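The exercises below ask for a careful reading of a structure, one topic at a time, and each task is followed by a solution in steps. Please try each task against the coordinates before reading on.

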Amino acid sequence: MKKSAILGIIVIAVAIAVIISTYSNSSTYGSFKDAEKTQSELHIVGHLNKQKPLYYDATKDANYFSFYMKDNKGEECKVVFTGTKPQDFERSEQIVLTGAMRGNEFHASKILMKCPSKYTEDKVEVTEANAKQASL
Amino acid sequence: MDTVFKGEHLLPGHLGQLFVILSFGTALLSTISYFFATTQTNKLDKSWQRLGRIGFYINTISVVGIGCCLFYIIYNTLFEYHYAWAHSSRKLPVYYIISSYWEGQEGSFWLWTFWQAVLGNVLVWKARSWENPVMTVVMLSQTLISSMLLGVVIFGERVGSSPFILLREALQAPIFSRPDYLQYIKDGNGLNPLLQNYWMVIHPPTLFLGFASMIIPFAYAVAGLWQKRYTEWVAPAISYGLFAIMVLGTGIIMGSFWAYESLNFGGFWNWDPVENASVIPWLVLVAAVHVLIVFKNTGHSYFTATFLTLFSFVLVLYASFLTRSGILGETSVHAFTDLGMFWHLVFDVVIFLIITITLLVWRRKELPVTRKEEETYSREFWMFVGSAFLGLSCLQLVVVTSIPVWNAMFKTHIAPPTNPIQLYNVFQAGFAFVVTLFLGFTQFLKYKKTDTTRFFITTGVYLLFSALLTALVVYVTGVYKLKFVFTLAMFGAIYGVVANAKVLADAFKGKFKLAGSAVAHIGFGLLLVGALIAAGTSKVVSNNSTGVIEVQGFDKVADVKENIMLYKYQPVDMGGYKVTYIGDSIVAPNHYFKVQYQKFDEAGKLTESFILKPNSQANAKMGLVSSPDTKHYLFHDLYTHVSAAPIKDEMQEADAMGGDEQHNPAEDAKKYDPPIVQEASLGDTIRFREGYIVLSGLNRSPKVQNIPMGKNDVMLGATLQIVSHGRNYSAEPVFMIKDGNAYDFAKKVDDIGLKVRFTKIIPQNNKFEITLYQQPESRKPYIVMRAIEFPYINFFWAGTIIMVIGFLMSIFRRNKELKVV
């Protein structure tokens with residue numbers, strides 16, 4: 001067999017390995033219900049329940065942050081994140097969590113949030129100027 | 001009805017838009033003219049070429065014109081323009097105006113057209129017989145990229161996005177019906193605080209010069225196939241290809257330096273899709289140049305060389321599609337959102353893909369092919385195999401990064417890997433091992449045929465030496481604790497460095513021609529060594545437990561608590577340092593936290609002391625954005641950033657209260673624990689939770705402004721010396737009797753969260769009543785901080801610089817060869 005043929009076979013084999021490993025390593029988007037059924041990590045897309053409290057108290061534990069999230073099927077679950085509260089979390093419109101269920105709580109290893117930041121929303125802020133009274 | 005708007009400056013916008021249209025029109029004209037100049041049979045007729053050149057020159061002028069108009073608008077903060085309003089603000093210092101210039105997509109497209117125009121001028125000057133076909137391709141690319149800036153509605157669809165669109169055209173709001181709307185638009189959105197870094201001034205221009213220069217090898221390849229000058233195009237393509245690799249590589253590393261200095265993910269490389277998108281074309285062009293060199297020296301592998309050269313530019317366009325179309329959406333933190341150019345960007349990729357495929361199919365029978373097979377013990381064979389592996393490593397990046405694209409194409413719903421960093425690290429380390437191993441031993445092979453005995457001896461010796469060195473390095477740095485593949489990659493990188501060091505040593509003995517590639521290879525090897533150690537063994541030192549903590553991506557992360565809490569002036573032991581949060585300084589808009597690091601030897605003597613100032617910006621539009629500060633040592637870096645601080649709350653409270661406590665004592669009292677009332681004589685000591693207070697004296701004429709004193713009025717200040725956590729403060733609360741009523745003025749010591757009032761004088765026993773208000777712990781100033789140690793990261797930066805020097809040397813060498821041929 002020619003060397004180039006052997007090389008070609010090796011290249012194709014590695015390429016297939018890459019594709020298969022990508023597929024097998026890829027995760028799934030799921031809901032909290034799916035998370036209860038499995039041990040492995042998965043992605044959950046949803047939004048913050050702003051009615052329920054966010055808990056982060058740096059003075060008690062700087063590495064504990066919890067909140068309630070509703071997934072896209074409307075199911076709600078308490079989420080625990082080991083770390084600080086991401087900045088501007090309250091304003092998030094959509095959250096993508098990566099993590100797994102532990103008991104009744106979803107332990108997130110990663111939080112990705114979408115904020116109505118300047119990139120996604122153009123809002124003109126209008127400020128009416130009024131001269132401040134000089135006070136004593 | 002036309003409203004006449006007050007205060008708008010429409011001239012720069014109109015002029016700018018004129019230049020935009022002109023740049024598109026002239027680019028198109030130049031493309032067509034150069035096309036006919038190439039295809040016409042009468043070689044003496046220069047009229048098409050002249051027309052092409054005229055078109056190109058006007059194009060250059062209009063591109064510069066666009067730049068000037070846009071700069072004028074941003075520099076003069078003309079917020080009637082959307083671009084200026086969206087990307088800059090009045091507070092921005094001048095040098096960041098430059099970064100706000102290319103923060104938006106339009107600005108970065110302009111940068112691309114600008115560099116293409118500059119490179120076009122070089123080609124017109126230098127390319128001679130290649131000018132017509134090469135410029136046809138360059139100007140085609142220029143046409144397509146300028147069309148991204150058009151912002152003109154054609155057949156009901158807006159084509160491109162113009163930087164000169166007015167704010168009132170871009171947004172819908174009732175305010176724009178008022179002719180004097182401009183006076184209500186006080187300030188622009190400003191530049192994203194993360195981009196307010198000096199690297200952002202030079203990183204984008206470098207990166208885009210890299211992207212823009214990748215058109216040249218592509219154009220030469222197209223010209224070669226088109227004009228049937230199958231072998232001649234290779235030599236200039238190698239030179240320009242090396243230039244593109246050097247510039248793009250530098251741009252990418254500048255980006256990683258920026259990430260290291262101003263982002264919070266704690267590292268220099270995060271395998272974010274945006275980062276991957278810039279490396280993908282780079283890897284392919286590196287492979288392409290190597291195969292081109294193979295072809296030039298031996299005549300082998302023509303098809304692969306051509307294909308890789310052509311395809312590398314298609315990947316540049318694919319990368320710009322990935323980052324600019326908004327398709328990455330949920331997977332990337334910093335990709336652009338869609339500006340309505342999705343299909344426009346797809347069109348761009350498809351055009352160049354079609355050119356690539358068509359040319360290769362059309363000329364397939366005429367391509368120079370060698371029937372003879374490469375020798376196993378020849379340099380060309382292993383260079384070729386190495387390039388194939390570079391291509392494979394690129395394939396892995398493309399496949400994983402493009403998951404959202406596969407989802408869009410096949411209507412699937414696959415999520416990206418839960419731990420993509422680990423996946424990339426393992427795969428890329430594997431490829432790096434193979435590639436570096438090849439770039440090592442290939443140096444001992446000769447083109448065509450090598451004496452095998454000698455080859456095996458030298459290779460063996462150097463392999464053994466590198467293995468020993470690797471064992472040492474891996475043991476000292478702790479890389480062996482990671483997955484084995486990282487040790488392998490380390491071995492490969494070290495072998496690459498050692499083998500090329502030998503070549504370099506030989507080069508100094510006379511074969512100076514080879515020095516360039518040797519230096520570039522050494523730089524690449526060192527870069528990998530640095531990256532492996534720094535990323536693999538970096539440890540979070542802000543953790544109270546000791547020992548090395550497995551870093552995300554290299555091994556499974558446990559629930560590591562990486563953040564520590566620092567109350568002001570309360571030292572905490574952390575990773576061998578005594579760390580104290582000692583204060584703040586505010587240089588608007590940045591809030592700097594001073595963190596003092598002290599090291600003591602066994603005898604308790606202070607051996608080292610320095611202050612790091614990580615900062616946060618409480619940005620009204622973007623929230624709290626933090627940037628790290630790093631202490632650089634020769635062999636490691638100590639990296640510190642603030643992950644939470646109560647400064648935002650302060651801002652809101654200050655807003656709500658109008659900042660003046662006297663007006664709202666009830667609100668103020670909420671911030672403190674219930675008061676403690678103490679009676680004291682002169683010289684007495686009062687204890688409180690965080691220290692003690694000495695009533696050292698009385699001041700009969702304290703300074704209280706603007707209060708006229710009557711005849712019977714009394715005013716008395718209590719001089720207090722306060723000691724807390726080994727620091728001294730003083731305060732002088734004031735007691736006053738005016739018109740028969742008692743008043744008092746409290747004093748605050750914010751550092752220790754204390755408020756003191758002088759509330760009563762008890763004349764009977766000559767005592768004075770002092771009331772203490774202490775803030776609860778949670779009200780005291782604090783920061784939550786994370787600190788990471790990056791060992792040997794300087795190898796990474798040094799490797800980069802050495803690699804660039806190597807590329808420069810190679811470019812000079814190839815250019816010399818060009819002149820000879």
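**Exercise 1. Contacts and burial in the two chains**

Determine what share of the contacts with a separation of 6 or more in chain A joins residues 24 or more positions apart, and set beside it the corresponding share for chain B.

Solution. In this predicted model, residues 24 or more positions apart account for 46% of the chain A contacts that have a separation of 6 or more. For chain B, residues 24 or more positions apart supply 69% of the contacts with a separation of 6 or more. Turning to burial, 25% of the 136 residues of chain A count as buried, while in chain B buried residues make up 48% of 821. The secondary structure completes the outline: chain A has two helices and six strands, which follow one another along the sequence as α-β-α-β-β-β-β-β, and chain B comes to 22 helices and 24 strands. The C-alpha trace of chain B spans about 115 × 80 × 50 Å along its principal axes.

**Exercise 2. The surroundings of a helix**

Establish whether the length of helix α9 (residues 215-226) of chain B agrees with the expected span, and identify the helices against which its buried residues pack.

Solution. The first step is the length: at 1.5 Å a residue, the 12 residues of α9(B) should span 16 Å, and the end C-alpha atoms are 16 Å apart, so expectation and model agree. The second step is burial, where 11 of the 12 residues of α9(B) are buried and the helix is therefore mostly covered, given that a residue counts as buried when 20 or more other C-beta atoms lie within 10 Å of its own. Among the buried residues are B:Ile215, B:Phe218, B:Tyr220 and B:Leu225. The third step is to find the packing partners, which are α5 (105-126), α6 (131-147), α8 (199-213), α10 (234-262), α12 (302-324) and α13 (342-362) of chain B. Finally, α9(B) is followed by B:Lys228, whose phi is positive, near 55°.

**Exercise 3. Two helix crossings**

Classify the crossing of α1 (residues 11-39) with α2 of chain B, and then that of α2 (residues 47-75) with α4 (residues 94-101) of chain B.

Solution. Two packed helices are described by the angle between their axes and the distance between the axes. For α1(B) and α2(B), the axes come within 7 Å and cross at roughly 155°. Angles over 145 degrees count as roughly antiparallel, and α1(B) and α2(B) are therefore roughly antiparallel to each other. The crossing in which α1(B) passes α2(B) is left-handed.

For α2(B) and α4(B), the axes come within 10 Å and cross at roughly 130°. That angle makes α2(B) oblique to α4(B), and their crossing is right-handed. The residues that meet are B:Leu70, B:Phe71, B:Ile74 and B:Tyr75 in α2(B), and B:Ile97, B:Ser100 and B:Tyr101 in α4(B).

**Exercise 4. Strand pairing**

Describe the order and pairing of the sheet that contains β14, β21, β22 and β23 of chain B, and then examine the hairpin of β8(B) and β9(B).

Solution. The four strands form an open sheet in the order β14-β23-β22-β21 of chain B, with antiparallel pairing. Its edge strands are β14 (676-680) and β21 (747-749) of chain B, each of which pairs on one side only. From one strand to the next, the twist averages 30°. At one edge, β21(B) and β22(B) pair over three bridges in the antiparallel sense, and B:Lys748 has B:Lys755 in β22(B) as its bridge partner.

In the hairpin, six bridges join β8 (residues 590-600) to β9 (residues 606-612) of chain B, and these strands run antiparallel. One bridge pairs B:Val595 with B:Leu612 in β9(B). Five residues lie between the strands of this hairpin, in which B:Gly604 takes a positive phi near 85°.

**Exercise 5. Positive phi outside glycine**

Locate B:Tyr569 and B:Asn766, and decide how exposed each of them is.

Solution. Most residues other than glycine have a negative phi. B:Tyr569, however, has a positive phi near 65° and lies in the loop between β5 (564-567) and β6 (572-574) of chain B. With 19 other C-beta atoms within 10 Å, B:Tyr569 is partly exposed. B:Asn766 likewise has a positive phi, of about 60°, and its place is in the loop between β22 (754-762) and β23 (767-774) of chain B. Because B:Asn766 has 9 other C-beta atoms within 10 Å, this residue is exposed.

Methods. Residues numbered from 1 in each chain as written. Chains lettered and ligands numbered in written order. Predicted model: local features only at pLDDT ≥ 70, side-chain atom pairs only at ≥ 80, totals over all residues. Pairing = 2+ DSSP bridges. Contact = placed C-beta atoms within 7 Å. Expected span 1.5 Å × (residues − 1). Axes fitted to C-alpha atoms, helices over the stretch in contact; angles between N-to-C directions. Parallel < 35°, antiparallel > 145°, perpendicular 65-115°, else oblique. Left-handed = near helix turned anticlockwise from the far one by under 90°.
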